[in-house]
Amino acid sequence: MTPPPSGPVCAGASQYASYPSFSSYVRARGPVLLRTARSLTANPSDAEDLLQTALTKTFVAWERIEDHRALDGYVRRALLNTRTSQWRKRKVDEFVCEELPEPTGLPEPDPAERQVLHDAMWRAVLKLPERQRQMVVLRYYEDLSEAQTAEVLGVSVGTVKSAVSRALGKLREDPELTPVRWRNGS
């Protein structure tokens with residue numbers, strides 16, 4: 001990072017004299033101010049641009065700054081204000097298109113595969129003892145909570161938890177569901 005030129009900052013700015021004290025300040029405090037700018041941006045190049053902009057604003061106001069001991073605060077405020085202005089002015093591009101792009105997620109399962117899974121699962125549920133089957137159906141097919149299932153069946157919540165756990169263990173071990181699990185990647 002180099003200090004601004006000793007001549008005019010920009011065309012039409014010839015009324016600004018050369019400020020050796022400004023150049024000294026930039027050489028001495030530049031690295032510290034650059035760290036501050038880097039904390040405000042995600043990109044080191046953007047931080048350098050941000051600092052140059054803030055230093056240019058400081059250079060233009062150099063004669064108006066009464067207390068040069070408070071220059072760091074002035075430049076930091078210029079950094080923050082400049083960054084805020086950049087953030088507010090950022091352009092959001094919107095493009096009109098004929099069709100919405102397809103989501104890039106997992107492909108939808110084949111309806112026939114879903115039906116095979118559903119049928120295999122139902123046959124496995126039918127193999128469970130009646131009490132476990134009732135609890136699995138109420139919990140997972142009817143989507144009742146453990147407390148609601150316990151209330152419907154007139155048992156404790158602990159009984160529902162343990163019976164459902166045993167039933168799920170039996171379903172995991174059911175040989176008819178094994179090929180379905182492998183096809184679906186689980």
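These legends walk through several close-up views of a predicted model.

Local features are described where pLDDT is at least 70, side-chain atom pairs count only at pLDDT 80 or more, and totals for chains, interfaces and linings use all residues. Residues are numbered from 1 along each chain as its sequence is written, and side-chain values use heavy atoms, with hydrogens and water left out.

**View 1. The whole chain has eight helices and zero strands.** Helices (H or I, at least four residues) and strands (E, at least two) are DSSP runs, numbered from the N terminus. Following the sequence, you meet the pattern α-α-α-α-α-α-α-α. Of the 186 residues, 26% are buried; buried means under 20% relative accessible area, exposed over 50%, and partly exposed in between (1.4 Å probe, protein chains only). A contact is a pair with heavy atoms within 4.5 Å. Among contacts in the chain with a separation of 6 or more, 55% join residues 24 or more positions apart.

**View 2. The largest nonpolar core holds 19 residues.** A nonpolar core is a set of buried Ala, Val, Leu, Ile, Met, Phe, Trp, Tyr and Cys residues joined through side-chain atoms within 4.5 Å. Phe-22, Tyr-25, Leu-51, Leu-55, Val-75 and Leu-79 touch the most other members. Helices α1 (20-40), α2 (44-60) and α3 (71-89) each supply at least two residues of this core. Take Val-75 as a starting point: leaving out residues up to four places away in sequence, Val-75 touches Tyr-25, Leu-33, Leu-51, Ala-54, Leu-55 and Thr-58. A second, separate core has eight residues, including Ala-120, Leu-128, Val-136 and Leu-171.

**View 3. Ser-23 sits in helix α1.** Its relative accessible area is 16%, so Ser-23 is buried. Its C-alpha atom is 9.4 Å from that of Phe-59, although the two residues are 36 residues apart along the chain.

**View 4. Thr-41 is in the loop between α1 and α2.** With a relative accessible area of 13%, Thr-41 is buried. Setting aside neighbours within four places in sequence, Thr-41 is in contact with Asp-46, Ala-47, Leu-50 and Arg-83. Arg-83 is 42 residues apart from Thr-41 along the chain, and their C-alpha atoms are separated by 8.2 Å.

**View 5. Helix α4 spans residues 111-126.** Its 16 residues reach 22 Å from first C-alpha to last, close to the 22 Å expected at 1.5 Å a residue; the expected span is 1.5 Å times one less than the number of residues. The buried residues of α4 are Ala-120, Ala-124 and Val-125. Seen down the axis, they fall within an arc of 140 degrees (taken from the directions from the helix axis to the C-beta atoms), so they line one face of the helix.

**View 6. Helices α5 (residues 130-141) and α7 (residues 157-173) cross at roughly 95 degrees.** Their axes come within 9 Å; these are lines fitted to C-alpha atoms, for helices over the stretch in contact, with angles running from 0 to 180 degrees between N-to-C directions. That makes α5 roughly perpendicular to α7, a label for angles of 65 to 115 degrees. On the α5 side, the contact is made by Gln-132, Met-135, Val-136, Arg-139 and Tyr-140. Residues of α7 in the contact include Thr-159, Val-160, Ala-163 and Val-164.

**View 7. Asp-143 lies in the loop between α5 and α6 (146-153).** Asp-143 has a positive phi of about 60 degrees although it is not a glycine. At 65% relative accessibility, Asp-143 counts as exposed.

Conventions. Angles under 35 degrees count as roughly parallel, over 145 as roughly antiparallel, 65 to 115 as roughly perpendicular and the rest as oblique.
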